[in-house]
Amino acid sequence: MTESPPMLRLEKVEVVYKKVITAIQGVSLDVQQGQIVVFLGTNGAGKTTTLRAISGFIGTDDAWVTEGRILFEGQDIANWPPQKVANRGIALVPEREKIFETLTVMDNLEASVGAGASRATRKRMIDTVFDHFPRLATAKTRLAGYLSGGERQMLAIGSALLCEPRLLLVDEMSMGLAPRLVEELLDHIVTLKKTLGLTILLVEQSAHLALGIADYGYVIENGRIVLDGTRERLGGHKDVQEFYLGQGGGDARKSYREVKQYRRSRRWYG
Amino acid sequence: MAQASGYFKTSYGQELRLIETTTQKVALAAFVVVLLVYPFFAKPFFLDLANQVFLAVIAASALMLLTGFAGQISLGHAGLLAAGAFTTGILYKEVGAPFWVTLPASAVVGALLGLVFGLPSLRLKGLYLAVTTLALHFIVAYAGGEYETKRGYSTGVSVSPPSLFGFELTQGRHWYFVLLAFDVLVVLFCLNLVRSRTGRSFIAIRDHDTVAEALGIPVKRTKLLAFVISSVLTTLTGSLLAYYQGFVTIQAFTIYLTIEYVAMVIIGGSGSMLGAILGAVFVVLFPHVIEAAIRLVPASRHLVNDAFAINFAAFGLIMVLFLIFEPLGLVGIWRRLRDYFLLWPFRQTAVGKGG
Amino acid sequence: MQVLANLVVLTAIYALISCGYVLIYRVSRVLNLAHGELMMLGAYLLFTLASLFKGGPELAFAGAVGLSLLVGFVLYVVLMRKMTGELVIAAVLVTIALGILLRGLMVLIWTARDLHPISVLGWKNPPVPLGGGTSISSVALATILVAVVLYLALMLFFRYTRWGLQMRAVGERPLLAAQRGIKLHAVYALAWALSTFSGGLAGMLLALDSGLGSTMVIVGLKAFPAALVGGLDSLLGAVVGSFIVAAAEILAIHFIDPLISDVVPFVVLIAMLLVRPWGLFGTKEEIERV
């Protein structure tokens, strides 16, 4: 597994909220250049915390990376402020509060373009976004607060692209959207990867759609990585099938005791 | 029982206990002795200071209940003090009412005003609530000023000393014991309130009122109750203040006074009765310490005439410093020191190192 | 007629002051309760500069305006920056403390005497007749003009410039804005600078018209209901709110009692807060965000 050094590497990262609550512990993962990596887990498993730790958002919730390193292109970016991380080439599309609702679509995009860009560059960059998401072009002058869920997601991804990231982090894209829309958005993600050469880290609860486009995947539970592997390996894994793909063999769900057992047996992963 | 690694509670009863350890018992006893002996040795000036502190402790406890525990920020404290003082002054001047009438009357006015000040809290939170209470302060101040001008008491309403059991309260030392008794009652009342069901509802509302409501706490009623209790204690202080100073004037109740009380809560340490006491002591003594310091340093003696302005500036500075560097106030400092000695020689480190 | 003229002048004064509250609140949700003191500081700066540059009153005025801008910037960088990410109410308390600190310092430096910068500048303030026996002072006329120009400029600034856009973005979602590469601290510092600039300007004009004393802080505080009635995050609201408060005040002075003038804005404020807490033009969601 040691070919080229990965674009993003988390080494045994631990995040502690308000100096007491440990949200994630010993999380290690690699994201290779040009890949789409999926990060799976249930509610409260630590997916979002991991993403926020990478993008520097956690500091505002009084949470800090207390152990381990977050290496982006070889540089430790743990506990950097969000703005610095963004300038370094990582853009985050958060789960909630991802667009400026009181601004128009155009203003949302304008506000996201780097400060130094000239008028012409800005226009060119925004036009690229419209090429990717033609639906946004038709809604240019509308207030972002009145957009539909899918359009909001497109606008959020579009404005994240304007920061010219090399790594795009997308949190819970499928949240509250119809499966068909999610599929459409995932297609966009694949296109972005191909045309812009972006590396993408997707965080998802619904595994079946996300695994479909992923090159590699991680499963996090209770703040620890419990499983990782290629799309084929994860998709074929018994536990993933049962817990995330809902293909449990006949007899409903396992009892809580068994689930606990499952976590314990994989402790060595941390 | 204090143990080498700290003090641990092993039962719920212990959690509720006011005096937790033997050391605390001894310290408290020593403190009581000092308090009882103090007036027999202190000069009148220092006696007066102690009395001022005692008065401030009552009103600071009231604000601590409201802001520190129930989380309702009020900038109308001076207005309430003025209301108490003026109720006393007016009743005394107009109908010659005695102490036993004016004090309860002030409390009744306080309860009514508490409802008035509290009503906006049912709709507004935080900043907006603070602003509303500030506005109410101006209205109370206007009413007081109006009374003064209409009745021709432009320099203030004078109030003669009250008599308790046919015994006139004129001497500082007598006042000292009366106010001390008040303080003990009020502080015990607040401490007990805070650990009661009501007190815990206050805290629940402060921390998250929506959740509190979901838990079945009658949020509206509890908020109003917090305002009423706090306001009654404040107007009582106002009434005592009127008697203690012998006159009432609206000029004494400015926004600056409100800020002083807010500062007591902040500097003392929000959410702690000890904080209210420490804050009151600190804020009352602060200007005198500054003035003494100016007099002591020969190079700054020519500044004595500007002492007032220096006080202002220094007070603002202290508040800023506490807000930025020690949001837990004096209580926070005290607890850190205590933990340091309790845990010594082990160094106490927080779990996270980032913050 | 004279009443109407007075109303316009008072509206302009309140509008000029209240836009300082709005600027900071809109961007950072912080209510700057030291605004009255900062206004006064601007006026004192004018007085000092006027005494320094005896020959060039215009230079003194421009210098004071520039310094006011700088004051806000410096205040943000050394003080308020530390409060970003803290509870909003804590930041508001810091501004209260700052107000006290400033007041103390100003008395120390300039004493509490009433000063008249206009005589030091060597300017005159003749009344301007408006016909029909009404007149307003020249400075009052200037105040109206300045208020109009300032509001137009600010509205254009918010609408059409990149900084204005960034300020709007930061005002709505500071974190997201930071993630998109907007320099939060620069935006906040700019908001503070613009706020002290407009406040300082108001303070100077007020001092030119009616002298410089401790009552100015009260005028500053009275303009705050104006900002709130209109909606703390709306410039247009600030104008309308200023008009409402000014009208209520002038009516009360005429028909009830001159003494009441200091209370009327706050009565209006309470009425507004109980009926429509987010103000006439404000965003409704604000209240829950505290």
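Student: How many bridges do strand β6 and β7(A) pair over, and in which sense?
Tutor: In this predicted model, strand β6 (residues 90-93) of chain A pairs with β7(A) in the parallel sense over four bridges. Within that pairing, Leu168(A) of β7(A) is the bridge partner of Ala91(A).

Student: Which other strand does β7(A) pair with?
Tutor: Strand β8 (residues 199-204) of chain A pairs with β7(A), in the parallel sense, over five bridges. Leu169(A) stands opposite Leu201(A) of β8(A) there.

Student: Why is β7 of chain A described as largely enclosed by the rest of the structure?
Tutor: Strand β7 covers residues 167-171 of chain A, and five of its five residues are buried, so the strand is largely enclosed by the rest of the structure.

Student: Which way do the residues of β7(A) point?
Tutor: Leu167(A), Leu169(A) and Asp171(A) point one way from β7(A), while Leu168(A) and Val170(A) point the other way. Residues on both sides are buried.

Student: Stepping back, how many helices and strands are in chain A?
Tutor: Chain A has eleven helices and ten strands. Of its 270 residues, 53% count as buried. Among the contacts in chain A with a separation of 6 or more, 68% are between residues 24 or more positions apart.

Student: Changing topic, how many residues do chain B and chain C each bring to their contact?
Tutor: Chain B contributes 35 residues and chain C contributes 43 residues. The two chains bury about 3,500 Å² between them, and 85% of that is on carbon and sulfur atoms.

Student: Which residues of chain B lose the most area to chain C?
Tutor: They are Arg123(B), Leu127(B) and Tyr128(B), which together account for 21% of what the chain B side buries.

Student: And how many salt bridges and polar contacts cross that interface?
Tutor: The rule finds zero salt bridges across the interface of chain B and chain C. For polar contact, the count between these chains is one residue pair, with both residues at pLDDT 80 or more.

Student: Which elements of chain B give two or more residues to the side that touches chain C?
Tutor: Those elements are α6 (126-151), α11 (255-268) and α13 (307-325) of chain B. Of these, α6(B) gives the most, with twelve residues.

Student: What is the make-up of that side by class?
Tutor: The side of chain B that touches chain C has 27 nonpolar residues, together with four polar and four charged ones.

Key:
Residues numbered from 1 in each chain as written. Chains lettered and ligands numbered in written order. Predicted model: local features only at pLDDT ≥ 70, side-chain atom pairs only at ≥ 80, totals over all residues. Heavy atoms only, no water. Contact = heavy atoms within 4.5 Å. Buried area = accessible area lost by both parts, 1.4 Å probe. Salt bridge = Lys/Arg side-chain N within 4 Å of Asp/Glu carboxyl O. Polar contact = N/O pair within 3.5 Å; in protein donor to acceptor, adjacent residues only side chain to side chain. Nonpolar A, V, L, I, M, F, W, Y, C, P; charged D, E, K, R; others polar. Buried < 20%, exposed > 50% of the residue type's maximum accessible area, 1.4 Å probe, protein only. Pairing = 2+ DSSP bridges.
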